[in-house]
Amino acid sequence: MARKQVAPRDGKVFLSNVSPFIMNVLQMAGMHKIFQTEPDARTVLSIIHDVCAEKQHDPDTVQYTIDGGSIEIQTVCTEKATLHLTGSLSRVLYAQISPDKVRLVRFSDCEYSIGLGAMAESPEMARELLGEMITLQGSIVWLPTDGNKTPDFFIPITDTGEVRIYTGFNAALKGHFQETLTLTSDTPDGISLSQVYKRIFDHAREMRPDYSGIIAIALIGESGGIRSSGITHPPVRERAPMNGSSIMDPGNVNEWIEVSDSFEYAGESIIAFGIGIDLTHDLSEFQPEQLSALSYIHPANRGLSDMSLHTHGVVFKKFLLSPEPDIGSKIRHLMNNGEFLDMRHLLDDSRLRTIHGAIAYISEIKTDE
């Protein structure tokens with residue numbers, strides 16, 4: 001039980017002063033491969049001291065204290081990452097998705113992505129179901145706009161190419177995560193999603209010469225309570241607002257967007273993927289239309305003027321995370337074994353407790369239009 005508790009934080013359990021009889025029992029049960037045994041507690045403490053000292057001097061690992069907790073960020077990769085945009089966010093916001101603007105994407109092309117989509121037999125059927133969507137490790141979770149408020153998900157074992165995702169807009173990560181992060185909150189309330197993004201932005205401006213002002217992050221861990229929203233109608237041309245304005249316009253938003261005013265799912269497990277734009281950074285290397293295709297002002301977000309965030313999350317009943325250090329393995333394990341509860345667009349004041357994550361620094365934005 002102790003090992004399971006510390007494993008999500010990359011901790012270990014050592015055994016010391018193990019008698020010959022107990023060692024025989026451990027060997028017979030195969031548990032001598034699970035625990036590291038040492039002759040005495042002094043040896044264990046020496047090992048811990050050496051590991052801590054090495055970690056503190058690791059040039060690829062930095063630790064930050066933030067309001068309510070701490071974040072550790074570690075460099076793991078130097079390869080570049082890009083975003084691939086399919087469809088049009090503007091057509092979503094103005095409810096202008098016509099039959100010829102419903103796009104097809106393969107599961108294998110959407111390891112990590114967010115957008116508006118559905119699975120259906122045809123583009124025509126998909127148009128009537130298009131809702132908030134996230135893909136994680138090639139699995140899709142989406143909230144159909146059929147009035148039932150019940151998310152659907154599909155975890156493919158093999159991508160045959162015959163079953164595809166229909167989307168009105170999708171932003172997919174291509175390439176690798178360059179850094180990992182570990183977040184620990186000091187209180188049950190957790191740390192806000194916007195604080196996490198801001199700390200990453202500040203870190204990148206100081207530590208990364210390749211920082212362009214746009215990041216993508218994947219997170220998994222324990223929720224401190226999320227505030228969320230979801231689109232309630234498919235944004236198709238036939239249902240466009242009569243006033244010609246965006247569905248986020250004050251005169252339309254109450255009809256089109258459902259918002260949770262209270263914080264929900266505190267203590268449950270959560271997986272999230274999102275894209276953040278640092279509006280204080282020089283974004284001149286990107287075209288204005290690329291930036292507007294990534295983000296928009298959500299009226300339910302509170303007081304954020306220096307960043308634009310777009311994050312979706314999937315909530316599961318509280319679940320012990322896989323001890324695997326790789327975030328992809330953790331996500332697959334929870335997706336395949338956790339008890340699914342909900343999928344939502346996360347508002348920026350959603351809160352996180354203990355989180356493992358990965359950061360991709362975006363060097364280029366590619367579009368299919």
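**Confidence.** I looked up which elements of this predicted model have the lowest and highest mean pLDDT. Helix 3, residues 41-56, has the lowest, at 72. Strand 14, residues 214-225, has the highest, at 97. I then took the average for the protein, which is a pLDDT of 89. Of the residues, 95% score at least 70. I keep one caution beside these values: where pLDDT is low, the predicted coordinates should not be read in detail.

**Cysteines.** I asked how many disulfides the model holds. The count comes to zero. For my own reference, a disulfide is a covalent bond between the sulfur atoms of two cysteines. I next checked two cysteines for exposure. Cysteine 77 has a relative accessible area of 15%, so I entered cysteine 77 as buried. Cysteine 110 has a relative accessible area of 1%, and therefore cysteine 110 is buried as well. The cut-off I applied to each is under 20%.

**Strand 15.** I went to strand 15, residues 228-231, and asked whether its faces are covered or open. Both faces are covered. Ser228 and Gly230 are buried on one side, and Ser229 and Ile231 are buried on the other. I note the background to this split: in a regular strand the side chains alternate between the two faces of the sheet.

I then looked for the strands that pair with strand 15. Strand 19, residues 340-346, runs antiparallel to strand 15 and is joined to strand 15 by two bridges. Strand 16, residues 257-259, also pairs with strand 15 in the antiparallel sense, over three bridges. I followed serine 229 to its partners. In strand 19 the bridge partner of serine 229 is histidine 345, and in strand 16 the partner is valine 259.

**Cavity.** I asked how many cavities of 30 Å³ or more a search of the whole structure finds. The search finds one. The space in the largest cavity comes to about 130 Å³. Its lining is made of 14 residues, and those closest to the centre are Leu89, Val92, Leu116, Glu132 and Tyr296. I sorted the lining by residue class and got 10 nonpolar, three polar and one charged.

I also asked which elements supply at least two residues each of this lining. They are helix 4 (89-93), strand 7 (112-118) and strand 18 (307-316). Helix 4 gives the most, with three residues.

Notes:
Residues are numbered from 1 along each chain as its sequence is written. This is a predicted model: local features need pLDDT of at least 70, side-chain atom pairs count only at pLDDT 80 or more; totals for chains, interfaces and linings use all residues. Side-chain values use heavy atoms; hydrogens and water are left out. On a 1 Å grid over the protein atoms alone, a cavity is a set of points where a 1.4 Å probe fits but cannot get out, and a pocket is an open set with protein on both sides within 12 Å along at least five of seven lines; lining residues have an atom within 4 Å of a point. Grid points are joined across faces, edges and corners, and a volume is the space filled by probe spheres set on the points. Helices (H or I, at least four residues) and strands (E, at least two) are DSSP runs, numbered from the N terminus. Ala, Val, Leu, Ile, Met, Phe, Trp, Tyr, Cys and Pro count as nonpolar, Asp, Glu, Lys and Arg as charged, and the others, Gly among them, as polar. pLDDT is the predictor's confidence in each residue, from 0 to 100. A disulfide is a pair of cysteine sulfur atoms within 2.5 Å. Buried means under 20% relative accessible area, exposed over 50%, partly exposed in between (1.4 Å probe, protein chains only). Two strands pair if DSSP finds at least two bridges between them.
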